[in-house]
Amino acid sequence: MCGIFAYINHGIIRDRKFILETLVNGLKRLEYRGYDSAGVAVDGKSSDDKTYPTVLIKQRGKVKALENKIFESDLLDFEAEFSSHTGIAHTRWATHGVPNEINSHPQRSDDNYEFVVIHNGIVTNYKTIKTFLESHNYEFESETDTEVIAKLIKYLWDNREKEDISFITLVERVIAQLEGAFALVFKSRLFPGQCVATRRGSPMVIGISSKSKLSTDNIPIMYSSSNNTKEAVRVERLSSTAELFPENESKGIEYFFASDASAIIEHTKQVIFLEDGDVAGVVDGGLSIHRLKRGKTNEPTTRAVLSLQMEMQQIMKGNYSSFMQKEIFEQPESVVNTMRGRMLWEEKRVVLGGLMDHISDIKRCRRMIIIACGTSYHSALATRQLLEEMTELPVMVELASDFLDRKTPIFRDDVCFFVSQSGETADTLMALQYCKNRGSLTVGITNTVGSSISRLTECGVHVNAGPEIGVASTKAYTSQFIAFVMFALMMSEDRLSKRARYNDIYEALQELPARIKEVLALDDEIKKLSENLHNNKSLLVMGRGFNYATCLEGALKIKEITYMHSEGILAGELKHGPLALVDVNMPIIMIIAKDQVYSKLQNALQQVVARHGRPIVICEEGDEECAKFASHLLQVPHTVDCLQGVLNVIPLQLLSFHIAQLKGLDVDFPRNLAKSVTVE
């Protein structure tokens with residue numbers, strides 16, 4: 001959930017101001033991952049021009065508060081220059097210990113700052129390690145699990161069997177003792193200019209920038225045992241094939257370690273995605289990758305340097321007041337990008353390239369299970385009915401945490417889908433491993449190239465919604481929705497009995513971007529409506545059929561960014577309890593589409609009105625029946641029933657945005673939440 005960023009320059013002279021600005025800007029790009037405190041660690045003033053003390057600056061609050069503290073400080077000489085330097089930075093989403101300076105990262109090993117570390121994730125056995133270290137007289141100052149890591153590497157250093165032990169070996173020995181999920185970056189005053197990073201269950205990407213050609217595009221993995229005291233002798237640089245470095249070393253090289261590629265794109269497009277268990281070390285400007293032991297025989301033995309397919313403007317707000325607003329209004333384009341190259345309009349075919357090698361296996365499966373959390377779960381729920389209709393297979397939709405708690409039976413002829421915007425959601429990743437262990441075919445639906453889910457599944461679909469920075473997901477939801485609709489069409493394209501339905505959906509998809517633009521034109525009307533709702537404490541959203549998931553997703557958006565209690569209610573359950581909540585003061589939104597449950601929703605509408613409810617109705621244009629009973633009508637364009645949820649959710653996204661703005665809340669960074677949930 002936290003944001004990690006590190007910057008290493010070697011052979012390129014940078015002053016301390018440049019280094020600190022780079023670190024702070026990196027944190028700003030990652031602030032959606034956590035924003036209750038932040039900190040940096042850089043080299044301080046040297047007494048002998050060889051060893052540099054480490055300086056930590058930490059601050060509770062957002063990155064801006066840290067930035068102010070850094071550049072108002074008189075402890076640092078901002079003009080001091082370094083030809084080789086490692087700086088690390090962190091923005092925190094608290095899991096262990098309240099947000100304050102002491103609990104902020106980086107965490108230190110001792111008063112001399114011999115080792116400092118930044119951490120994203122949770123160490124589940126930290127209490128055991130802490131007890132052990134306390135018994136050896138190591139004192140703790142914070143409430144965090146991360147401080148255990150800093151103290152553990154200090155313990156291993158203090159008890160080293162020989163003087164020339166490497167930084168990488170120390171880190172390998174540390175992670176061998178840790179349980180849980182983590183991404184870590186270490187800096188040490190004992191190893192100046194070096195940096196070591198590792199990951200297990202949390203994301204980590206390395207950006208590489210050099211004006212020189214790189215020595216290799218594929219870094220071989222070095223398998224090393226931290227139990228073995230025998231260290232490999234360092235090979236002369238130019239004859240070494242085990243590390244990456246600039247061929248012309250006089251031109252220098254820069255490395256950027258980050259939780260997300262969005263923090264790197266302004267510096268370079270050349271990246272390496274680390275895998276679980278990788279330990280990446282930068283020593284004398286050379287990057288090498290290590291693992292404690294060999295895995296399966298078919299496991300890759302190199303890490304490739306890839307080129308990011310992302311542009312800087314995609315992670316900028318542009319003319320919008322917030323990322324959430326920008327992302328809501330990007331949906332006409334994002335759904336086009338999801339369909340681009342996959343909807344072959346002239347041939348009336350759907351080709352999801354990432355599934356082609358496995359489509360016959362999927363068609364023969366016993367059942368489909370879709371596993372996700374939050375908004376991604378709602379996208380699966382929204383399309384379950386269509387998937388069942390078009391495939392005639394049973395489709396289960398599971399919340400990942402509950403799926404794991406129940407130890408759900410999985411069979412080899414099941415196909416399991418794992419849906420996550422970031423591709424790094426912890427519960428979903430654990431469910432993925434659970435299903436892989438039981439032999440089912442695994443399919444990933446993500447929005448992030450190179451994410452853990454996209455790499456660990458056998459096949460999948462990248463939804464191509466573009467970077468989503470706002471914590472409350474908007475365009476990723478509609479793109480996931482469209483991805484599932486395309487999958488349903490692909491599964492049924494050879495069924496004559498489904499052809500008429502197939503053609504209706506196909507034509508509706510072609511018109512959908514234009515229909516979304518029409519809904520976005522209601523923004524001013526929705527803004528006025530929000531003025532009547534923002535002082536309320538609670539809000540109910542009702543619907544059924546294809547739009548039940550729309551109610552859940554709309555209610556979630558309202559909870560996330562307005563802090564109002566909001567509940568998505570299945571209208572068919574109205575008489576089984578929720579009707580007791582209805583009175584003249586309870587704000588109620590009802591979603592009524594002209595589909596197979598239209599008459600049932602009309603009955604529910606009249607029941608609400610009979611109890612003096614004053615429902616706001618989202619309905620299709622020209623719906624005279626709804627107009628008779630609604631206190632306010634939001635009319636959206638008509639589309640085919642299974643796609644109506646895409647149009648109906650957008651007014652709820654806009655409504656939550658405007659209510660939050662009227663309350664003076666930060667829509668991009670709601671309290672207690674973070675974008676990428678990489679802990680259980």
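Which residues cover both faces of strand 14, and are they buried or exposed? Gly286, Ser288 and His290 lie on one side, Leu287, Ile289 and Arg291 on the other, and all are buried. Buried means under 20% relative accessible area, exposed means over 50%, and partly exposed lies in between (1.4 Å probe, protein chains only).

This is a predicted model: local features need pLDDT of at least 70, side-chain atom pairs count only at pLDDT 80 or more, and totals for chains, interfaces and linings use all residues. Residues are numbered from 1 along each chain as its sequence is written, and side-chain values use heavy atoms, with hydrogens and water left out. Helices (H or I, at least four residues) and strands (E, at least two) are DSSP runs, numbered from the N terminus.

**Strand 14 and its partners**

- Six of the six residues of strand 14 (residues 286-291) are buried, so the rest of the structure largely encloses this strand.
- Strand 13 (residues 279-283) pairs with strand 14 in the antiparallel sense, over five bridges. Two strands pair if DSSP finds at least two bridges between them.
- Val283 has Gly286 of strand 14 as its bridge partner.
- Strands 13 and 14 form a hairpin with two residues between them. Asp284, in the turn, has a positive phi of about 55 degrees.
- Strand 10 (residues 218-223) runs parallel to strand 14, joined by three bridges. Here Tyr223 is matched with Arg291 of strand 14 as its bridge partner.

**The eight-stranded sheet**

- Strands of a sheet pair through backbone hydrogen bonds, either parallel or antiparallel.
- Eight strands form an open sheet in the order 3-2-4-1-11-9-12-16, with antiparallel pairing.
- Strand 3 (54-60) and strand 16 (306-307) stand at the edges. Each has a single partner strand, so one side of each has no neighbour in the sheet.
- Helix 1 (residues 16-30) packs on the sheet. Helix 1 touches strand 1 (3-15), strand 2 (37-43), strand 4 (81-92) and strand 11 (253-258). Contact means heavy atoms within 4.5 Å.
- The direction of helix 1 makes about 155 degrees with that of strand 1. Axes are lines fitted to C-alpha atoms, for helices over the stretch in contact, and angles run from 0 to 180 degrees between N-to-C directions.
- Helix 2 (residues 63-71) lies across strand 2, strand 3 and strand 4. Helix 2 runs at about 135 degrees to strand 3.
- Strand 9 (residues 205-209) and strand 12 (residues 270-273) pair in the antiparallel sense over three bridges. Ile206 stands opposite Ile272 in strand 12.

**Strand 22 and its partners**

- Six of the six residues of strand 22 (residues 441-446) are buried, so strand 22 is largely enclosed by the rest of the structure.
- Leu441, Val443 and Ile445 point one way, while Thr442, Gly444 and Thr446 point the other way.
- Strand 21 (residues 414-420) runs parallel to strand 22, with six bridges joining them. Ser420 has Thr446 of strand 22 as its bridge partner.
- Strand 23 (residues 459-462) also runs parallel to strand 22, through four bridges. Ile445 has Val461 of strand 23 as its bridge partner.
- Strand 21, helix 11 (residues 426-437) and strand 22 make a right-handed β-α-β unit. A crossover is right-handed if, with the strands pointing away from the viewer, the path from the first strand over the helix to the second runs clockwise.

**Helices 16 and 19**

- Helix 19 (residues 644-662) has 19 residues, which should span 27 Å at 1.5 Å a residue. Its end C-alpha atoms are 28 Å apart, which agrees. The expected span is 1.5 Å times one less than the number of residues.
- In helix 19, 17 of the 19 residues are buried. Gly664 follows helix 19 and has a positive phi, near 75 degrees.
- Ala660 sits in helix 19 and is buried, with a relative accessible area of 0%.
- Ala660 and Ile561 are 99 residues apart in sequence, yet 6.0 Å apart in space, C-alpha to C-alpha.
- Helix 16 (residues 548-562) should span 21 Å, and its end C-alpha atoms are 21 Å apart. In helix 16, 13 of the 15 residues are buried.

**Lys151**

- Lys151 lies in helix 4 (residues 146-158) and is buried, with a relative accessible area of 5%.
- Residues that Lys151 touches include Ser109, Leu133 and Tyr138.

Definitions and conventions. Lists of a residue's contacts leave out its neighbours within four places in sequence.
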